[in-house]
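Student: Got a minute to walk me through this model? I'd like to know what's inside it before I go any further.
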Amino acid sequence: MRLYHSNSYFVNNPQKRGMVFKTTSNDIESQIESDEDESNVEIKYVPSEEIYGAFCDEDWAVIGRSNPIKATESTEVMIVRFVAILEHHLQLLVEERRPGSVLSLSVTVQLTKLVTTIAMTYGDPNFHRLSHALHVTTSLNKILSETSEFTDALDKFSLVFAAFLHDAGHTGMTNKMLQDDGHILSKKYSADVPIAERHSIEIACNTLSQPEYNALCNAIMPDDLSKIIFYKALFQSILVTDIADPNRTRQCVQRFDTAYNNGNSSPDLCPLRQHLDDIVTQAFKGRSDVKEAYPNEFCITIAGLQQCTRREHIMLLSDISHLFQCWENFLKWNFRLYKEIYNNFLKGLCADPSEGWYEGQIGFLEKYAIPLATRSQIFLNCGFSSKIINLANTNLALWKEHGVEASLIMADGIKEGDGESHVLEKLFGLQHLDHA
């Protein structure tokens, strides 16, 4: 057992519903809160490493569906889980730099406070909410265990941190909706900047810049080079999640072809070209000597494109990981996305999603998701890459078979005011698969 200052949390007995462990219901949507008298509930002491270990043991296909870490909408529980994952990777980072080092108590306290602060910026859209961020983070953490391409601890921590905050402050509106509606966020950035993604980055940067997180920042990035690497990874990993922009998506593929298939290089391929000054400002308060001191970090190279492409593809896989997991995960998040878009339709911000929803999911799987997974094979262990592609193809086949009816169930459920659990029960009843 490690002898570092690991956060530990009190959780209820596994035989009762509680903060982390709950076995009283098989419903994935069950909430942590309970109306029962908890005065006699037994309390168990659980180190964060034990929580992290439970995530590592979870099967990829059923992430969020297995005890003792079933999906939850409890912000308190999700914060505990985020901290456990981030703390693990931060400990590996300090050990890599200085073998035998341990996280100080001040660092773990500041990490918990930072996670809590950023978690509170997540609102209540049906899809782009804190539970989505947790699903993405746990999926990304699992992917990192299935690749040998990421050996640097700072790179791993940066990716996990980016997954946690990638939708912070999300309004539930797409960037086009924000722009067309004249939302206040659309006035903060230039027209070619992805609004929601840049806003999430700004939340993280502004929070990290506060003096109360000095010990944590020194643990993550103690020198100039580590600051550059961390902030570049943050910007690269989050900006690329604007997959609704066809130009941004096309450039991501072009970067892959250039980096790994001897494609044509161009300055336009650098996703950070227009953000480099922002990175210097955030990391170094605008110091003028940084670019001159580290020129290789601010120019386009094949090695740099390969690193960028790896980060982007791992993040993109994680962001839509439910498409590469079990049918139940696919349906759950598909319904949440449908409901979020439908709410925007009611506000007059977009068309009714029921028109073309069935065909749209087929097109997204065939033209975007499966090609993404296919490209990503070079980054992943062979067995794992085959697994995610097979799961995506299985979901595609099931959607072609049941998607018309599933789309009607979603539309009718929303119009009739049915709760999510009721709608999902109907959706899950369309097809039962054994993922044992």
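**Pockets, cavity and core**

Tutor: Sure, and keep in mind that this is a predicted model. Let's begin with the second largest pocket: helix 13 supplies the largest share of its lining, six residues.

Student: Which other helix supplies at least two residues of that lining?

Tutor: Helix 9 (224–239) does, alongside helix 13 (302–319).

Student: What's the volume of that pocket, and which residues sit closest to its centre?

Tutor: The volume is about 380 Å³. There are 21 lining residues, and K232, E297, C299, I300 and G304 are the closest to the centre.

Student: How does the lining split by class?

Tutor: Twelve nonpolar, five polar and four charged residues.

Student: OK, switching to closed spaces. How many cavities of 30 Å³ or more are there?

Tutor: One turns up in a search of the whole structure. The largest cavity holds about 140 Å³ of space, and among its 18 lining residues G64, A71, S131, L134 and H135 are the closest to the centre.

Student: And which helix gives the most to that lining?

Tutor: Helix 4, with four residues. Helix 2, helix 4 (130–144) and helix 14 (327–346) are the elements that each give two or more. By class, the cavity lining has eight nonpolar, six polar and four charged residues.

Student: Now the core. How many residues are in the largest nonpolar one?

Tutor: It has 120 residues, and F161, F230, W399 and L427 make the most contacts inside it. Helix 16 (residues 382–415) is the top contributor, with 13 residues.

Student: What is F161 in contact with, apart from its sequence neighbours?

Tutor: Skipping neighbours within four places in sequence, F161 is in contact with L86, L114, I118, A204, L208, F230 and L234. There's also a second, separate core of eight residues, including M177, L178, V193 and I195.

Student: What about helix 7, is it mostly covered or mostly open?

Tutor: Mostly covered, with 13 of its 14 residues buried.

Student: And why does its length make sense?

Tutor: Because the rise is 1.5 Å a residue, the 14 residues of helix 7 (residues 195–208) should span 20 Å, and the end C-alpha atoms are indeed 20 Å apart.

Student: Last one: where's the cis peptide bond at P68?

Tutor: The bond runs from N67 to P68, with omega near 5°. P68 is in the loop between helix 1 (48–57) and helix 2 (75–97).

Conventions
Residues are numbered from 1 along each chain as its sequence is written. This is a predicted model: local features need pLDDT of at least 70, side-chain atom pairs count only at pLDDT 80 or more; totals for chains, interfaces and linings use all residues. Side-chain values use heavy atoms; hydrogens and water are left out. A nonpolar core is a set of buried Ala, Val, Leu, Ile, Met, Phe, Trp, Tyr and Cys residues joined through side-chain atoms within 4.5 Å. Buried means under 20% relative accessible area, exposed over 50%, partly exposed in between (1.4 Å probe, protein chains only). Contact means heavy atoms within 4.5 Å. On a 1 Å grid over the protein atoms alone, a cavity is a set of points where a 1.4 Å probe fits but cannot get out, and a pocket is an open set with protein on both sides within 12 Å along at least five of seven lines; lining residues have an atom within 4 Å of a point. Grid points are joined across faces, edges and corners, and a volume is the space filled by probe spheres set on the points. Ala, Val, Leu, Ile, Met, Phe, Trp, Tyr, Cys and Pro count as nonpolar, Asp, Glu, Lys and Arg as charged, and the others, Gly among them, as polar. The expected span of a helix is 1.5 Å times one less than its number of residues.
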